[in-house]
Amino acid sequence: MSRITLSRFLIEQQRKAGTLPPELRLLIETVGRACKAISFSVNKGALAGILGEAGTGNIQGEAQKKLDVIANDFLLDANEWGGSLAAMASEEMELPYHIPGEYPKGEYLLMFDPLDGSSNIDVNISVGTIFSILRCPAGIDHPTPEAFLQPGTEQVAAGYTVYGPQTMLVLTFGSGVHGFTLDREHGSFVLTHSDMVVPESTQEFAINMSNMRHWEAPVKRYVDEMLAGKTGPLGKDYNMRWVASMVAEVHRIITRGGIFMYPKDARDPDKAGKLRIMYEGNPMAFIIEQAGGAATNGYQRIMEIQPKGLHERVAVFLGSKEEVERITAYHQQS
Ligand code: AHG
Ligand code: MN
Ligand code: MN
């Protein structure tokens, strides 16, 4: 059988189910094209002079890497002229990006973390791009941040691209999760992983253990129990991984199971966590739930939270259902 490229897959979905409107299909393809360009830059690394600091900071007070800025520009350039979008928002921009006047506007809002796991770029470890697509509320011509502040359940599509040993685009538009591997010679994403499913139980966890002293009681309890292994209350030995690229952790979890945690902690009590709900928490929650896993902030589904700011933070517990349900129960009991 011939290979199914991303374009062909999307066109067939559009015909088959009628659940994928042509403008949304076009938008997803365009995001995929931008990710290809990012992938080629990531791969060239020092040869293209893209490593190191940009010398600027973003609205989150984080120093930007050159590649944070380059990836953001690729996504803006690829998506501004296609006609599917009303506006875009990004980790790297304080306010929404408006579609320039010379281009037609469309009905969707695109949000992205252009480069996730920036601290890994210079050391040649996997990084990624995360995106989330919403509908622009009716009657809004010039979307302000408020237009974006919809709960994750309103997402019409979400995905990530992991730039690892292979570049893979993993996508959902509400009917399962589909994975595509970039074929560099042909320049196209090819369907290699259809209907990805997160195993229900796991013995692998991911958390930045160096923050242990700042954690809240339910997280301490849960990690202590996992560390106690076979003879502890959970009755099994666990393994730990921490890549420090959420995209890479989610990709591992969707492939072989696991739980990823970035809890709220006492380092900055005003913040609900480190990760941002609009372009990290929600899209990853959508993908994980569509793959049969779960995603909560310890108390409720991430996707049911009503966001109040474009760059609002959220505590994240996601992955294999049994474990996410356990840590969520520990929060609710405390
Ligand atoms: P970003 O590079 O987009 O700012 O995101 C980095 C995030 C996430 O990908 C990762 O899980 C986490 O930050 C790593 O945090 P630590 O520095 O605490 O390891
Ligand atoms: Mn990120
Ligand atoms: Mn980022």
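Trainee: Which loop is A244 found in?
Mentor: A244 sits in the loop that runs between β12 (239-240) and α6 (246-256), and since this is a predicted model, everything I tell you here is computed from predicted coordinates.

Trainee: What's phi doing at A244?
Mentor: Phi of A244 is near 75 degrees, which is a positive value in a residue other than glycine, and with a relative accessibility of 35% A244 counts as partly exposed.

Trainee: And D195, what is its phi, and is it buried or exposed?
Mentor: D195 is a residue other than glycine with a positive phi as well, near 50 degrees; its relative accessible area of 51% makes D195 exposed, and its place is the loop between β10 (188-193) and β11 (204-206).

Trainee: Changing topic to the metals, which residues coordinate the manganese ion (ligand 2)?
Mentor: The manganese ion (ligand 2) takes its donors from D113 (OD), D116 (OD) and E280 (OE), at distances of 1.9 to 2.2 Å, and along the sequence these donor residues follow the spacing D-x2-D-x163-E.

Trainee: Why does the pair D113 and E280 tie together parts far along the sequence?
Mentor: D113 belongs to strand β5 (residues 108-116) while E280 belongs to helix α7 (residues 277-290), so the pair joins parts that are 167 residues apart in sequence.

Trainee: Are those two buried or exposed?
Mentor: D113 is buried, at 0% relative accessibility, and E280 is buried too, with a relative accessible area of 1%.

Trainee: What about the manganese ion (ligand 3), which residues hold that one?
Mentor: For the manganese ion (ligand 3) the coordinating residues are E91 (OE), D113 (OD) and L115 (O), at 2.2 to 2.4 Å, with the donors spaced E-x21-D-x1-L along the chain.

Trainee: How many Å apart are the two ions, and which residue coordinates both?
Mentor: The manganese ion (ligand 3) and the manganese ion (ligand 2) are 3.8 Å apart, and the residue that coordinates both of them is D113.

Trainee: Where is E91, and what is it in contact with?
Mentor: E91 is placed in the loop between β3 and β4 (97-98), and, if we leave aside neighbours within four places in sequence, its contacts include N58, Q60, F112, D113, R276, Y279, E280 and H311. E91 is buried, with a relative accessible area of 4%, and L115, another donor to the manganese ion (ligand 3), is buried at 1%.

Trainee: Which residue forms a salt bridge with E91?
Mentor: That partner is R276, and the closest N and O atoms of the salt bridge are 3.5 Å apart. The count between domain 1 and domain 2 is two salt bridges, alongside 18 residue pairs in polar contact, counted where both residues have pLDDT 80 or more.

Trainee: Which elements give two or more residues to the domain 1 side of that contact?
Mentor: On the side of domain 1 that touches domain 2, the elements giving two or more residues are β3 (85-90), β5, β6 (127-135), α4 (145-148), β7 (157-163) and β8 (167-172). Of these, β6 gives the most, with seven residues.

Trainee: Back up a bit, where are the domain bounds, and how far apart are the centres?
Mentor: Domain 1 covers 6-193 and domain 2 covers 204-333, and their C-alpha centres lie 24 Å apart. The contact takes 49 residues from domain 1 and 31 residues from domain 2.

Trainee: How much area do they bury between them?
Mentor: Domain 1 and domain 2 bury about 2800 Å² between them, and 64% of that area is on carbon and sulfur atoms.

Trainee: One more on α7, how many of its residues are buried?
Mentor: Helix α7 is mostly covered, since twelve of its 14 residues are buried, among them I277, M278, Y279, E280, F286 and I288. E280 in that list also coordinates the manganese ion (ligand 2) through OE.

Trainee: And what follows α7?
Mentor: The helix is followed by G292, which has a positive phi, near 90 degrees.

Terms used
Residues numbered from 1 in each chain as written. Chains lettered and ligands numbered in written order. Predicted model: local features only at pLDDT ≥ 70, side-chain atom pairs only at ≥ 80, totals over all residues. Heavy atoms only, no water. Donors = N, O, S within 2.8 Å, 3.2 Å for Na, K, Ca; no water. Helix = DSSP H or I, 4+ residues; strand = E, 2+ residues; numbered from the N terminus. Buried < 20%, exposed > 50% of the residue type's maximum accessible area, 1.4 Å probe, protein only. Domains from an automatic or database assignment. Contact = heavy atoms within 4.5 Å. Buried area = accessible area lost by both parts, 1.4 Å probe. Salt bridge = Lys/Arg side-chain N within 4 Å of Asp/Glu carboxyl O. Polar contact = N/O pair within 3.5 Å; in protein donor to acceptor, adjacent residues only side chain to side chain.
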